[in-house]
Amino acid sequence: MNNTKKENVITLIPKVIILLILSFGIKLFFSCTPYSQDPIEINYNHISVIGIDNSDRYLDYYNTTDTIYSDAVALKLTLSDTSMFYAATFSSNLMQTFSFQTARAYDIEPSYIPLNKVVDIKVKTLIDINESLKAGDDISEHILCSSRDDFDMYHNLSQGISWLDDIQSRHKSSSIILVLKTSIKNTNAQFEVKVTLDNGNELFGTTVIFTII
């Protein structure tokens with residue numbers, strides 16, 4: 001190796017060392033960044049309303065259905081922040097890329113709290129229920145609600161609103177079950193749910209047309 005090549009190699013070594021030190025420093029910084037235990041603020045911007053089976057002793061919380069028993073009409077109302085799904089994924093991938101992978105006994109699960117609170121829920125029937133409740137009528141006073149972890153208890157809508165406005169563990173969404181107290185005297189049913197937030201925004205969700213048996 002001639003002197004010129006030796007000089008180039010000697011000149012290059014400090015640059016490589018500096019890059020390695022910078023890379024190590026960046027990874028160390030992100031690895032030492034603590035996970036926040038404070039609830040992450042979310043904004044409800046999406047609504048979903050689906051039918052679920054309420055004919056057994058317990059609400060079948062995860063079983064979506066388009067056929068419902070006339071005395072067991074239940075709807076799962078879900079509010080979510082769709083913008084957070086991408087942001088959370090991007091943030092997680094970024095942290096993994098720029099940090100050392102460590103083995104931990106457990107990870108702190110993030111929690112979420114809605115920035116804009118739910119102030120009102122209205123339920124409207126789009127198809128005649130019986131001789132008294134016709135298509136277009138507000139049937140909110142005929143609705144009770146339940147949570148996923150409270151199968152045996154029904155509550156009024158104000159309690160459901162408080163669940164939606166509370167801190168949500170692990171999920172960027174919140175769900176409650178809306179249960180119709182009145183039996184449906186028709187072969188079909190369809191409902192519209194309007195959720196009003198404290199900033200004036202309104203979210204509308206319309207179900208499929210259910211077959212009533």
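A residue is counted as buried when its relative accessible area is under 20%. By this criterion, the buried residues of helix α3 (residues 157-165) in the predicted model are Leu157, Gly160, Ile161, Leu164 and Asp165. These residues lie on the same side of α3, because the arc they cover around the axis is only 135 degrees. The strands against which they pack are β5 (73-80), β6 (111-114), β7 (118-125), β8 (143-146), β9 (168-169) and β10 (173-180).

Among these partners, β10 is largely enclosed by the rest of the structure, since seven of its eight residues are buried. Strand β10 runs antiparallel to β5, to which it is joined by seven bridges; within this pairing, Thr78 has Ser175 of β10 as its bridge partner. An antiparallel arrangement also relates β8 and β10, here through four bridges, and Ser146 stands opposite Ile177 of β10.

In soluble globular proteins, nonpolar side chains tend to be buried together. The largest nonpolar core of the model comprises 33 residues, of which Leu77, Leu79, Val118, Ile121, Leu178, Phe191 and Val195 touch the most other members. Two or more residues are contributed to this core by each of β2 (46-53), β5, β7, β8, α3, β10, β12 and β14. A second core, separate from the largest one, consists of six residues, including Ile52, Tyr61, Ile177 and Val179. The surroundings of Leu79 were examined further. Apart from neighbours within four places in sequence, Leu79 contacts Tyr44, His46, Ile47, Val118, Leu164, Ser173, Ser174, Val195 and Leu203. One of these contacts, Leu164, belongs to the buried residues of α3.

Strand β12 (residues 191-197) contains Glu192. With a relative accessible area of 19%, Glu192 is classed as buried, because the cut-off lies at 20%. When residues up to four places away in sequence are not counted, Glu192 touches Lys122, Val123, Lys124 and Leu126, together with Phe204, Gly205 and Thr206.

An open sheet of three strands is also present, with the order β4-β14-β11 and mixed pairing. Its edge strands, β4 (67-68) and β11 (188-189), each pair on one side only. Two bridges connect β11 with β14 (residues 210-212) in the antiparallel sense, and Asn188 stands opposite Thr211 of β14. Strand β14 is, in addition, among the elements that give two or more residues to the largest nonpolar core.

Key. Residues numbered from 1 in each chain as written. Predicted model: local features only at pLDDT ≥ 70, side-chain atom pairs only at ≥ 80, totals over all residues. Heavy atoms only, no water. Buried < 20%, exposed > 50% of the residue type's maximum accessible area, 1.4 Å probe, protein only. Arc of directions from axis to C-beta. Contact = heavy atoms within 4.5 Å. Pairing = 2+ DSSP bridges. Core = buried A, V, L, I, M, F, W, Y, C linked by side-chain atoms within 4.5 Å.
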